[in-house]
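Student: I have this model open and would like a close look at one helix and its surroundings. Could you walk me through the part you would pick, and then place it in the rest of the fold?

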Amino acid sequence: MEIRRNPFTGERVLVSPHRLSRPWQPEGFCPFCPGGPETGQGWELLLLPNRYPVVTRNPPTPTQEELFQAEEAYGQAYVLVETPQHDLDDLSDLPPSQIEKVLRLVMKAQKEAEEDPKALYFLFFRNKGKEIGVSLTHPHSQIYILPVVPPRVETELRASEEWYRQRGTCLHCLITTREEKRIVYQNASWKSFVPYYARWPHEVHIYPKRHVSHFTALREDEVRDLADMLRKTLCAFKTALGKPMPYIMVLHQAPLRVETPHYHLHFEIYGMYRPDGKLKYAAGAELGASLYTLDTTPEETAERLRKALANCVTNPRPFRAGMGKV
Ligand SMILES: [Zn+2]
Ligand SMILES: [Zn+2]
Ligand SMILES: [Zn+2]
């Protein structure tokens, strides 16, 4: 178990072969439902240490090989079980107050991680949909506390810093204020849009309107507005094509304890269906050459998601009955 680095691209590989030894579970068994050996009873949401983690508090010494660089797989991996209800489809089916609790629990975990000098990065993400290989459908998200900064974030950090050095402004702030054409939704403190440079057929980025580098620096009202933002944006993902869309959601923020006037936290959501409802695969051009092909335009996607979102707001049917209106 270790973190290997590609000397050409800077990419990292979390090598953890023990994850293959996950025990066989009977069909229909859910480790996240209340009453299980790890979960117990009487909770509204749970932060569980991942039983088959990619990083650990006591990692083995990495292998030493000439020419290559590996780091200790130090850190922590958690599963955040977002509700005791097994059969909810998505985060957007939860009432805003429960989504807010999820966000506050993420914040609490990050505050703890900030105290650990060996932890450099807090990665929060959510994979949704059997179509993209999610085996446990009980609503949950994940947290990796890592000893390295994820390369994609590092790349963004570098470009943002360069812009800041030359012009003295945050490029993210600038884009957020200017972006009107491809906007999906906004409330008092957040704005979501399909970026000009979207790679996936339904890609949305969500930014706080205020310049904030870390998730833990968000104000009370910003957390509340974020719950509203996620609920509506994800409802649009669920309804835009008439069937729930598999997606990946990831939080990009500054490395732990590093204040960045140039880097602005944001969520990125990659909806994996093309407009015809077929799954988009990353293949030769994408995986082999980092060349993404888009069978639509970000402008069209924004319009489709805006319409779906407006429908979520006026017609709360996609949200579960009894959970209140938007
Ligand atoms: Zn369950
Ligand atoms: Zn900014
Ligand atoms: Zn980003």
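Tutor: Gladly! Let us start where two helices meet. From α1, the residues Pro96, Ile99, Glu100, Leu103 and Arg104 touch Val223, Arg224, Leu226, Ala227, Asp228, Leu230 and Arg231 of α4. Do keep in mind that this is a predicted model. Its mean pLDDT is 93, with 95% of the residues at 70 or more. The stretch 321-326 has pLDDT below 50, and beyond near neighbours in sequence it makes 6 contacts in the model.

Back to the helix pair. Two packed helices are described by the angle between their axes and the distance between the axes. Here α1, which spans residues 96-114, packs against α4 at about 115°, and the axes lie 9 Å apart. The crossing of these two helices is right-handed.

Now follow α4 into the interior. In soluble globular proteins, nonpolar side chains tend to be buried together. The largest nonpolar core of this model has 61 residues, and those touching the most other members are Leu80, Val106, Val184, Ala236, Leu305 and Leu309. Helix α4, residues 220-239, is the biggest contributor to this core, giving 8 residues. Ala236 deserves a closer look: setting aside neighbours within four places in sequence, its contacts are Val184, Leu305, Ala308, Leu309 and Cys312.

For the wider setting, turn to strand β10, residues 202-208, where 7 of 7 residues are buried. In a regular strand the side chains alternate between the two faces of the sheet. On β10 both faces are covered, with His202, Val204, Ile206 and Pro208 buried on one side and Glu203, His205 and Tyr207 buried on the other. This strand pairs antiparallel with β9, residues 190-193, through 4 bridges, and Ser192 sits opposite Ile206. It also pairs antiparallel with β12, residues 266-271, over 5 bridges; there His205 stands opposite Glu268.

Finally, visit the open sheet of 3 strands, ordered β2-β1-β4 with antiparallel pairing. Strands β2 (12-15) and β4 (70-72) are at the edges with a single partner each, so one side of each has no neighbour in the sheet. On average, neighbouring strands of this sheet are turned by 25° against each other, direction ignored. Strand β1, residues 2-5, joins β4 through 3 antiparallel bridges, and Ile3 has Glu71 as its bridge partner in β4.

How values were computed
Residues are numbered from 1 along each chain as its sequence is written. Chains are lettered from A and ligands numbered from 1 in the order in which they are written. This is a predicted model: local features need pLDDT of at least 70, side-chain atom pairs count only at pLDDT 80 or more; totals for chains, interfaces and linings use all residues. Two strands pair if DSSP finds at least two bridges between them. Axes are lines fitted to C-alpha atoms, for helices over the stretch in contact, and angles run from 0 to 180 degrees between N-to-C directions. A nonpolar core is a set of buried Ala, Val, Leu, Ile, Met, Phe, Trp, Tyr and Cys residues joined through C-beta atoms within 7 Å. A residue is buried if 20 or more other C-beta atoms lie within 10 Å of its own, exposed if 12 or fewer, and partly exposed in between; C-beta atoms are placed from the backbone. Two residues are in contact if their C-beta atoms, placed from the backbone, lie within 7 Å. pLDDT is the predictor's confidence in each residue, from 0 to 100. A crossing is left-handed if the near helix is turned anticlockwise from the far one by less than a right angle, and right-handed if clockwise.
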